[in-house]
Amino acid sequence: PGEALDIPFERFSARLHREGPRLRIPEFEAVVGAGRGRGPARGTFEIATDTGDYTARLEAAFDPAALMPLLTERQASAAGAVVFAGAPPRIQLDASGVWGREAGLRARGRIEAEDFIYNGAAVRRAETDLEILDDTLRLWNTIVERPEGRLTGGLTQRFAAREAEFEILSALSPHALARMIGPFTHRLAQQFRFEGPIRVEGRGRATYGGRDDHDFDLIVEGERMGVRWVLADRLAFTVEARGDRIALRNIRGEWHGGRGEGEVELTLTPGREPVRYRARGRLDGADLAGIVRDLGDTDASAYSGRVFAEGRLEGAIGEGQGRAAVGEGRLAVRDGQLMRIPLFGGLSRGLSRIFPGLGFAAQSEFTADVTLAEGRIRTDNAQLLGSTLSLRARGYYDIENRLHIAAQVKLLRAGPIASVLRFLTWPITRLMEFDVTGPPQQPRWEPRNLPKELFLMFD
């Protein structure tokens, strides 16, 4: 065992021929590296000592990190991104160039490896043919496997131009794939949830290193994908990347029995985060109880109804960006039993004490136009409608999970009889005006005009 040029080796044997400045090694064998990364190497090598021109052929199965002292800065960075937890990779390579210089490098070969980590993402198996021409790396017949699936395809990376052309078919986790690509892509992918199988097919050119000149297209299909608490059962969309903008088009999904559609446009600013977005969407017929469970309430048994919503939203992705978001939309719940949900609990109890049996009357429909600005979701025309009574409200909900609502309850929903009864019961209606505050899970209904001795009915 020993070292040569700071490279550890266990043994080395070779035949050397010297003719003037030309040194030839027609055959060598060695065991290179140390510990679990050591492995065999064999091949040929020839170099002109006066110019540094060389040719080499290598078959090896040791950890390339052992060659760090010979690598350029960029080569060392690439080698350092890989950690081999199992056996070292198997490498076949023919190369030529000028010793110590990347310019003029020519190499062609194949690499196979198992059980390693690349840029923090675990890989079960990978193999690829490769070619290096000056500052261009080309990979083809590429296969990358992880427990959830595999990626196949090819890549041409031009380092000086800071761009990569690709054609892939992938079933890998987008979080793992984004980590392999780089830190910015990984941070962007972390804003989304991918908890089911996914299929991505794409081709085009992606840029990096401060260059924003993308030109690629993807087709994405998967299950249990979403953003924050919204996790679609199934989702499909296309991705169009042009310049510094990435658009998600033709979004089609299913969520708790409902169907949704929409589109999202991202404006990328590498190194100058946050990423900005514009989105619009529509949802038809999703189960209210399922949505409530996604919001974090494990006991959604009191919720029933179908949710219909549409709207637009603009803002930025990242921590602390919620207050900067703006948007508008319309929300409706149909075929529900809405007075049974915790939001209306205080009202239901109070009405039952004044009008026995009325508090839990079936309220089947809710509608509201909403706006979002400065961290507040505001409405001026929320309505809760049922056969026995109706409720109108205005106010806002803020991102601190607090309600600030003014509400009025009226008997009956609509029609001539309802109008007459509302006229006759107008004094009672005046008593049924409330300020609603606190969190939606445990709101406080405070009557505005009730006598003090009746106030606690709603507490």
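Strands in these views are DSSP runs of E with at least two residues, numbered from the N terminus. Keep in mind that this is a predicted model.

**Strand 17 holds an asparagine with a positive phi.** Start with asparagine 250, which you'll find in strand 17 (residues 245-255). Its phi is near 50°, a positive value in a residue other than glycine. That's worth a second look, because most residues other than glycine have a negative phi.

**Strands 16 and 17 make a hairpin.** Stay with strand 17 and look at its partner. How many residues does the hairpin use to join strand 16 to strand 17? Just 1 residue links them. The two strands run antiparallel, and 8 bridges join them. To spot one of the pairings, find valine 239: its bridge partner in strand 17 is leucine 248.

**Strands 15 and 16 pair up through 13 bridges.** Strand 15 covers residues 214-227, while strand 16 covers residues 230-243. The two run antiparallel, and they form a hairpin with 2 residues between them. In that turn sits arginine 228, with a positive phi of about 50°. Two pairings to look for: isoleucine 219 has threonine 238 as its bridge partner in strand 16, and methionine 225 has alanine 232. While you're tracing the side chains, remember that in a regular strand they alternate between the two faces of the sheet.

**Strand 15 also pairs with strands 13 and 14.** Strand 14 (residues 198-207) runs antiparallel to strand 15, and 8 bridges join the two. Isoleucine 198 finds its bridge partner in glycine 222 of strand 15. This hairpin has 6 residues between its strands, and glycine 209 in the turn shows a positive phi of about 65°. Strand 13 (residues 192-194) is antiparallel to strand 15 too, with 3 bridges joining them. Here phenylalanine 192 is matched with valine 227 in strand 15.

**Asparagine 119 sits in the loop between strands 8 and 9.** The loop lies between strand 8 (106-118) and strand 9 (121-133). Asparagine 119 has a positive phi of about 50° although it is not a glycine. Is this residue buried or partly exposed? Asparagine 119 counts as partly exposed, at 30% relative accessibility. Next door, tyrosine 118 belongs to strand 8, and tyrosine 118 counts as partly exposed at 30% relative accessibility. Now look across from tyrosine 118 to alanine 81: they are 37 residues apart along the chain, yet their C-alpha atoms are separated by 5.6 Å.

**Phe45, Tyr54 and Trp99 form one aromatic cluster.** Across the whole structure, a search finds 8 aromatic pairs. One of them is phenylalanine 45 with tyrosine 54: the ring centres are 6.1 Å apart and the planes meet at 25°, so this pair is stacked. Why does that angle make it stacked? Planes under 30 degrees apart count as stacked. Tyrosine 54 is buried, with a relative accessible area of 14%.

**Phenylalanine 434 and tryptophan 445 meet edge-to-face.** Their ring centres lie 5.5 Å apart with the planes at 80°, so the pair counts as edge-to-face. Phenylalanine 434 is in strand 26 (residues 433-438) and tryptophan 445 is in strand 27 (residues 444-447), so the pair ties together parts that are 11 residues apart in sequence. Both rings belong to buried residues: phenylalanine 434 has a relative accessible area of 0%, and tryptophan 445 has 4%.

**The second largest pocket holds about 170 Å³ of space.** Which strands each supply at least two residues of its lining? They are strand 19 (276-287), strand 20 (306-316), strand 21 (326-334) and strand 22 (363-373). Lining residues to look for include Arg282, Asp284, Glu310, Arg330, Glu365 and Thr367. By type, the lining divides into 4 nonpolar, 1 polar and 6 charged residues. Two more of the lining residues are Phe308 and Arg334. The charged end of arginine 334 sits over the ring of phenylalanine 308, 4.3 Å from its centre.

**Arginine 138 puts its charged end over a tryptophan ring.** The ring belongs to tryptophan 140, and the charged end of arginine 138 is 4.0 Å from its centre.

Definitions and conventions: Residues are numbered from 1 along each chain as its sequence is written. This is a predicted model: local features need pLDDT of at least 70, side-chain atom pairs count only at pLDDT 80 or more; totals for chains, interfaces and linings use all residues. Side-chain values use heavy atoms; hydrogens and water are left out. Two strands pair if DSSP finds at least two bridges between them. Helices (H or I, at least four residues) and strands (E, at least two) are DSSP runs, numbered from the N terminus. On a 1 Å grid over the protein atoms alone, a cavity is a set of points where a 1.4 Å probe fits but cannot get out, and a pocket is an open set with protein on both sides within 12 Å along at least five of seven lines; lining residues have an atom within 4 Å of a point. Grid points are joined across faces, edges and corners, and a volume is the space filled by probe spheres set on the points. Ala, Val, Leu, Ile, Met, Phe, Trp, Tyr, Cys and Pro count as nonpolar, Asp, Glu, Lys and Arg as charged, and the others, Gly among them, as polar. Rings of Phe, Tyr and Trp (its six-membered ring) pair if their centres lie within 6.5 Å; planes under 30 degrees apart count as stacked, over 60 as edge-to-face and the rest as tilted. Buried means under 20% relative accessible area, exposed over 50%, partly exposed in between (1.4 Å probe, protein chains only). A charge sits over a ring if NZ of Lys or CZ of Arg is within 6 Å of the ring centre and within 35 degrees of the ring normal.
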